[in-house]
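Good morning, and thank you for joining this group meeting. Please take a moment with the sequence and the model before I begin.

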Amino acid sequence: MIVEYIRYRVPAEQAGAFEAAYARAAVPLAAAPQCVDYELSRCVDEPGVYVLRITWTSAEDHRDGFRRGEHFAAFFAEIKPYVERIEEMRHYERTAVAGSGSSVPTLYAWAGGAEALERLTDAFYAKVLADDLVGPLFAHMDAGHPRYVALWLGEVFGGPSAYSETRGGYRHMLAQHLGKAITEPQHRRWAALLMDAADDVGLPDDPEFRAAFASYIEWGTRLALGNSQPGAQPPPSAPMPHWGWGVAPPYVPGT
Ligand code: HEM
């Protein structure tokens with residue numbers, strides 16, 4: 001993905017017409033498959049100064065796909081009168097420096113931190129071991145397993161990168177699932193027992209937290225299910241997933 005920034009300086013008296021034109025241009029822009037998202041911001045310190053941010057699937061998709069595609073004509077017709085007001089129009093690559101700031105707590109903090117996640121996994125694996133369907137899969141599990149999974153969850157939910165630093169990160173977790181041939185009923189039972197454990201240990205039960213929590217568990221258990229099948233060839237290394245409050249973008253192979 002690539003971010004395009006377009007800076008405009010329009011005469012203050014044209015600001016209303018400019019915003020209205022962009023509201024109309026946004027319709028074909030949003031319909032273009034190359035456009036991931038967009039946002040027009042107005043400067044509060046200097047009237048008439050605007051920054052338009054558009055995230056494209058790639059710079060090539062923007063140049064060769066959007067500009068030569070079916071939506072460009074309708075988009076350009078709206079914004080053409082303002083082209084001469086552009087002060088900058090360039091593509092920027094994201095860097096590793098990114099974050100959400102501390103005004104929004106991480107899922108890790110909201111859950112109650114390391115202690116709450118350990119309480120969760122202790123209660124969960126007690127249920128797992130007593131369960132006739134999933135219990136046998138864990139018959140030989142390492143005594144530290146509940147704590148390791150708590151570290152994993154903590155890192156995924158925005159806590160310290162303790163699993164990566166002490167347990168080998170994604171590679172090790174993946175290796176633990178390879179060849180386990182988890183069945184669909186086992187996958188469902190695992191997830192259901194985890195939700196039961198979350199209630200038992202009093203994890204926050206507000207809809208937003210539980211929706212985000214369940215969303216990660218749904219995603220993670222489906223990966224575990226697929227990766228555990230005989231002959232599965234998941235990527236041997238991958239970045240640690242980081243889960244937040246929002247929605248997951250669609251998975252695009254190779255990105
Ligand atoms: C969100 C979903 C899941 C997460 C986050 C997860 C996490 C993990 C982690 C971090 C480990 C390695 C622990 C270590 O460092 O030693 C592990 C191992 C394992 N997982 Fe999962 N897992 C998930 C889903 C599942 C499911 C659905 C099953 C089966 C129904 C499963 C079965 C196992 C087994 C059998 C092991 C090896 C345990 C042992 O023998 O020590 N996992 N899991």
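**The hairpin and its sheet**

I start with the hairpin of E2 and E3, which has six residues between the strands and in which Gly48 takes a positive phi near 90 degrees. What we are viewing is a predicted model, in which local features need pLDDT of at least 70 and side-chain atom pairs count only at pLDDT 80 or more, while totals for chains, interfaces and linings use all residues. Residues are numbered from 1 along each chain as its sequence is written.

The element names follow DSSP runs, numbered from the N terminus: helices are H or I with at least four residues, and strands are E with at least two. Two strands pair if DSSP finds at least two bridges between them.

Strand E2, residues 35-42, and strand E3, residues 49-56, run antiparallel and are joined by seven bridges. Within this pair, Ser41 has Val51 in E3 as its bridge partner.

How are the strands ordered in the sheet? The order is E2-E3-E1-E4, an open sheet of four strands with antiparallel pairing. E2 and strand E4 (86-92) stand at the edges with a single partner strand each, so one side of each is left without a neighbour in the sheet. On average, neighbouring strands of this sheet are turned by 10 degrees against each other, direction ignored. Axes here are lines fitted to C-alpha atoms, for helices over the stretch in contact, and angles run from 0 to 180 degrees between N-to-C directions.

Strand E1, residues 2-9, pairs with E4 in the antiparallel sense over six bridges; Tyr8 has Ile86 in E4 as its bridge partner. Helix H2, residues 59-66, lies across E1, E2, E3 and E4 and runs at about 95 degrees to E3. Contact means that the C-beta atoms of two residues, placed from the backbone, lie within 7 Å.

**Domains**

The protein chain is divided into domain 1 (2-92) and domain 2 (107-227), with bounds from an automatic or database domain assignment. Their centres, taken over C-alpha atoms, are separated by 43 Å. Over residues 2-92 the chain is 36% helix and 34% strand, and the end C-alpha atoms are 6 Å apart.

**The ligand shell**

Which residues come nearest to the ligand? Of the 24 residues around the ligand, these are Met141, Tyr148, Gln176, Gly220 and Ala224; a residue is near if its C-beta atom, placed from the backbone, lies within 6 Å. Helices H6 (145-156), H8 (169-177), H9 (184-200) and H10 (207-227) are the elements that give two or more residues to this shell.
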